[in-house]
Amino acid sequence: AGAAAAAARNQLEWLAQRSDVIPDAFSMEGVDYTPRSGTVSGSLIMRLMDTQGFNFIEEEIRPAMTATMTDAMFDGYEPEQRIKSERRHLYAIVASKILKRVSGKVSIEIDPRVAYDTAKTLEEVRVLASDCKRVGIDVDNKIIFKIPGTQEGIKAAGILTKKDGFCCQVTHVYSLAQAVAATEQGVAVVQPYVGRVNDWYKTHQDKNVDATEYATSDNPGVELVRCIYNYVRRGNKDTKIMAASIRTPEDALAVAGVDYMVISPGIIKSLALSGTSGAPDNSILEEHVEFNPRELQTKEFGRLAEDLLGSEIKRSTETVEKLEYNLANTVLGS
């Protein structure tokens, strides 16, 4: 680690030597960093609509509307289906644009409204995959489908991995039990959220709650990532780990060594402007973790995970519904 750190000019380079750093943004102007991977979500599309305005309407939304109109001619879409189709086409078009900027893969968030329905999740991913192929994307090698980590979502991710050969990422992971269930299904990536787990414990620390797996830690979110990391590595699992909801440069450095981490442009800039002196000598992820057999065998996700799954899926749903409302009310020029 010492030699690698000495070769880095700043903390961002030090971190990028250990993890694939993914910016939660479409572009990274003003930072000397080229990401290897990217991500597409409802919130990203909303930001693009706000920041790029007319250009985004003409370059991304117009082709999505055209593709949807073609589908509707053959399949007779109802208005609600048409808007959902347009959103999927839009995700595919934005993913194709990001793939021109990165050498690795792009993850695409699926419709959160199907999170508790295995059959609808299967349908959503398969249609989205077809839309990606229509814009020339090599889905098998370049796309990761982000599926919420509900019981139903994890089951669907397993089917899509084994039967369809798709690369699936189980997102909204807030407990070791979710990660264990996902790795048993052979999914490609699990995505724990550092900041959201910490927020939950801050809110519940004075209450009598039964979910205390990581409560003894000063940073329960980082501790969750460490537990998942140790479980995956010790079992020689093929599943990779993507840490998200990283709120500070310190948390980013603390989880150095995970396969991927999603961080904001602000934190990326802060790391780029910092010397390597603040980087740790060794990753805390490597520290040994003793697992209680019950932790690895339970099928219950726990109150923390169920609370956050419910609230975050609701939040994602509100974002997607707002996006679809905006698409339904977007007027194209001649």
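Which residue just after H8 takes a positive phi? Select Gly-165: its phi is about 75°. Keep that spot on screen while we set the scene.

**Before you click**

You are looking at a predicted model, in which local features need pLDDT of at least 70, side-chain atom pairs count only at pLDDT 80 or more, and totals for chains, interfaces and linings use all residues. Residues are numbered from 1 along each chain as its sequence is written, and side-chain values use heavy atoms, with hydrogens and water left out.

**The whole protein**

Switch to a cartoon view and you will find 15 helices and eight strands. Helices (H or I, at least four residues) and strands (E, at least two) are DSSP runs, numbered from the N terminus. Of the 334 residues, 53% are buried. Here, buried means under 20% relative accessible area, exposed means over 50%, and partly exposed lies in between (1.4 Å probe, protein chains only).

Now show the surface: the protein exposes about 15,300 Å², and carbon and sulfur atoms supply 48% of that area. The areas come from the Shrake-Rupley method with a 1.4 Å probe; for residues, only the protein chains shown count as cover.

Contacts (heavy atoms within 4.5 Å) are worth a look too. Among those between residues at least 6 apart in sequence, 69% join residues at least 24 apart.

**Helix H8**

Go back to the stretch before Gly-165 and select residues 151–164, which form helix H8. Its 14 residues should span 20 Å at 1.5 Å a residue, and the end C-alpha atoms are 19 Å apart, in agreement. The expected span is 1.5 Å times one less than the number of residues.

Next, colour the buried residues of H8: Gly-153, Ile-154, Ala-156, Ala-157, Gly-158 and Leu-160. They pack against these elements:

- helix H6 (118–134) and helix H9 (176–184)
- strand S4 (143–148) and strand S5 (167–173)

**Ser-41**

Move on to Ser-41, in the loop between S2 and helix H3 (42–52). With 7% relative accessibility, Ser-41 counts as buried. Leaving aside neighbours within four places in sequence, Ser-41 is in contact with Tyr-91 and Glu-109. Then draw a distance from the C-alpha atom of Ser-41 to that of Lys-146: the two are separated by 9.2 Å, although their positions lie 105 residues apart along the chain.

**The salt bridges**

Side chains of opposite charge can pair when their charged atoms come close. A salt bridge here is a side-chain nitrogen of Lys or Arg within 4 Å of a carboxyl oxygen of Asp or Glu, and the structure holds 17 of them.

Start with Arg-9 and Glu-13, whose closest N and O atoms are 2.5 Å apart. Arg-9 is exposed at 59% relative accessibility, while Glu-13 is partly exposed at 22%.

Next select Asp-20 and Arg-36, a salt bridge with its closest N and O atoms 3.7 Å apart. This pair links distant parts of the chain, 16 residues apart: Asp-20 is in strand S1 (residues 20–23), and Arg-36 is in the loop between S1 and strand S2 (38–40). Asp-20 is buried at 9%, whereas Arg-36 is partly exposed at 34%.

Finish with Arg-87 and Glu-324, where the closest N and O atoms are 2.7 Å apart. Arg-87 sits in helix H5 (residues 79–99) and Glu-324 in helix H15 (residues 303–328), 237 residues apart. Both Arg-87 and Glu-324 are buried. Widen the selection to Arg-88, Asp-111, Arg-113, Glu-124 and Asp-131, and you have the one network that salt bridges with shared partners form together with Arg-87 and Glu-324.
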